Amino acid sequence: MQKQSEIDRYYMARALKLASRGLYTTYPNPAVGCIFVRQGRIIGEGWHHKTGQPHAEIMAINNAGGDVKGATAYVTLEPCSHFGRTPPCALRLVHEQVARVVVAAGDPNPKVSGRGIEILRKAGIAVTEHVLEKEAWFLNRAFMKSIVVSTPFVTLKVAMGIDCGIALEDGQSKWITDERSRRDVQKLRAQCDAVITSLATVLADNPRYSVRYDELPGSARMKVGRHELRQPLKVIIDSGNSLLSSFASKVEELNIFSQGKTLLCCGSSGDSMSFKNINEHTEAIFFPKDALDKEGHLKLKQVLEYLGQRQIRHVLVEAGPRLADAFLKCGLVDELLIYEAPKFLGKSSRRLFALDSPKILDDAVSMELYKVKRLDHDLKIHLLSHDLASKLKAFEEHK
């Protein structure tokens, strides 16, 4: 096992901060940072800005004036080894005659996975792996999952009072949480590729589910410009196709259609998937009858698999209890974010979840606590699936 030096951890932490600047713009690529150090001094640094543009290593080489010979490169993700939109970074590092490369996380992409490091070592370059691996992997957790499986990473977000109420009896819910929590949600949306909701939520709450630049936290606005901000794809689960029949009248009154692209996920009686362009901003996909459960609801895993085919890496679920329950019950939630306000909404309030009660405690749906953060008056409770938590724990052995 390689022992991580404090110096390596220091420079890798700086490279990770650079990488985080790309979380808003690199889709479908991962966010990567790179720093070159020579004789104890940073001589170049950079991060990947956008698909098709130079990778982090090339940005850092350019920042160093093209001279990184004999330097140590700190890279948050294994240098790529294949020709895609850009040439392989591993070969470029060999060409530049760097002395050493420190890597945080390996790239799970089958086109890379170990090949970049192999290229470096065969060229006689010293390679140190697993430095701040857990932090690097978590930064790109959506990419890390979606690049190897058929479904995107799923974040379920909910807001509630301290007694688990999500709305008053009459449906009033604006605003349970305070401004800082709402700004944090804007940042979360800005980092996601799609927002999934239900038709019931769209009709009841008339949400926008768009990213509003002026409402982003200042820390996010320092990383992404207004013109660079992308809107997530809005995905509406409409198993019964009820919105299509009245779309012409609803499109003007529903806020969700006011900005960005929208996808209606509908059921059908056909044997194959079909598509329909409603207008330039809205399309509908009709899933075949075998994608419906016995109650006529779309099977969420098939919806996610379709989004995965569209290279959607990270989805955010923002919906009412019924859809939230369905994602949890099917074991499709990778992380759950609960924004909890210190307010009691009362016994007649609408409740957060309505999962069926298990017969024994061992059968209860459960997750693992990752982090709790205070946001002014509110709490942000971050829970992870057991699979994701186990993955992160496995990285501890490399420290």
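A residue is classed as buried when its relative accessible area is under 20%, as exposed when that area is over 50%, and as partly exposed in between. This scale is applied below to a predicted model.

The scale can be illustrated with a salt bridge between Lys393 and Glu368, in which the closest N and O atoms are 3.0 Å apart. This pair links distant parts of the chain, since Lys393 belongs to helix H14 (residues 386-394) and Glu368 to strand S16, 25 residues apart. Glu368 has a relative accessibility of 22% and therefore counts as partly exposed. Lys393, at 54% relative accessibility, counts as exposed.

In total, 22 salt bridges were counted in the model. Side chains of opposite charge can pair when their charged atoms come close. One such pair is formed by Arg38 and Asp67, with a distance of 3.4 Å between the closest N and O atoms. Arg38 is located in strand S1 (residues 33-38), whereas Asp67 is located in the loop between helix H2 (56-63) and strand S3 (72-77), so the pair ties together parts that are 29 residues apart in sequence. Both partners fall into the intermediate class: Arg38 is partly exposed at 24% relative accessibility, and Asp67 is partly exposed with a relative accessible area of 40%.

A further salt bridge joins Lys145 to Asp334, the closest N and O atoms being 2.8 Å apart. Lys145 lies in helix H6 (residues 141-146) and Asp334 in the loop between helix H13 (321-329) and S14, so this pair ties together parts that are 189 residues apart in sequence. Asp334 has a relative accessibility of 11% and thus counts as buried. In addition, Lys157, Arg189 and Glu318 are linked in a network of salt bridges.

Arg189 also appears in the description of helix H7, being one of the buried residues of that helix. Helix H7 (residues 179-191) comprises 13 residues and spans 19 Å from its first C-alpha to its last, which is close to the 18 Å expected at 1.5 Å a residue. At the N-terminal end, H7 is capped by Asp178, a side-chain oxygen of which lies 3.3 Å from the backbone nitrogen of Arg180. The buried residues of H7 are Ser181, Asp184, Val185, Gln186, Leu188, Arg189 and Ala190. An α-helix has 3.6 residues a turn, so residues three or four places apart point the same way. The buried residues of H7 pack against strands S6 (153-161), S8 (194-198), S13 (314-317), S14 (335-341), S16 (368-375) and S17 (378-384).

The loop between helix H8 (199-205) and helix H9 (218-221) contains Asn206. At 22% relative accessibility, Asn206 is partly exposed. When residues up to four places away in sequence are not counted, Asn206 touches Thr201, Glu253, Leu254 and Asn255. A polar atom of the Asn206 side chain lies 2.7 Å from the backbone nitrogen of Asn255. The C-alpha atoms of Asn206 and Glu253 are separated by 8.5 Å, although the two residues are 47 residues apart along the chain.

The nonpolar interior was examined next. The largest nonpolar core has 53 residues, and those with the most contacts inside it are Met12, Phe36, Val68, Tyr74, Val98, Val101 and Leu120. Apart from this core lies another, of 36 residues, which includes Ile196, Leu233, Leu300 and Tyr306. Val101 touches Ala73, Val75, Leu93, Leu120, Ile125, Ala126, Val127 and Thr128, again not counting residues up to four places away in sequence.

Notes
Residues are numbered from 1 along each chain as its sequence is written. This is a predicted model: local features need pLDDT of at least 70, side-chain atom pairs count only at pLDDT 80 or more; totals for chains, interfaces and linings use all residues. Side-chain values use heavy atoms; hydrogens and water are left out. Helices (H or I, at least four residues) and strands (E, at least two) are DSSP runs, numbered from the N terminus. Buried means under 20% relative accessible area, exposed over 50%, partly exposed in between (1.4 Å probe, protein chains only). Contact means heavy atoms within 4.5 Å. A polar contact is a pair of N or O atoms within 3.5 Å; within protein, one must be able to donate a hydrogen and the other to accept it, and residues adjacent in sequence count only if both atoms are side-chain atoms. The expected span of a helix is 1.5 Å times one less than its number of residues. A salt bridge is a side-chain nitrogen of Lys or Arg within 4 Å of a carboxyl oxygen of Asp or Glu. A nonpolar core is a set of buried Ala, Val, Leu, Ile, Met, Phe, Trp, Tyr and Cys residues joined through side-chain atoms within 4.5 Å.
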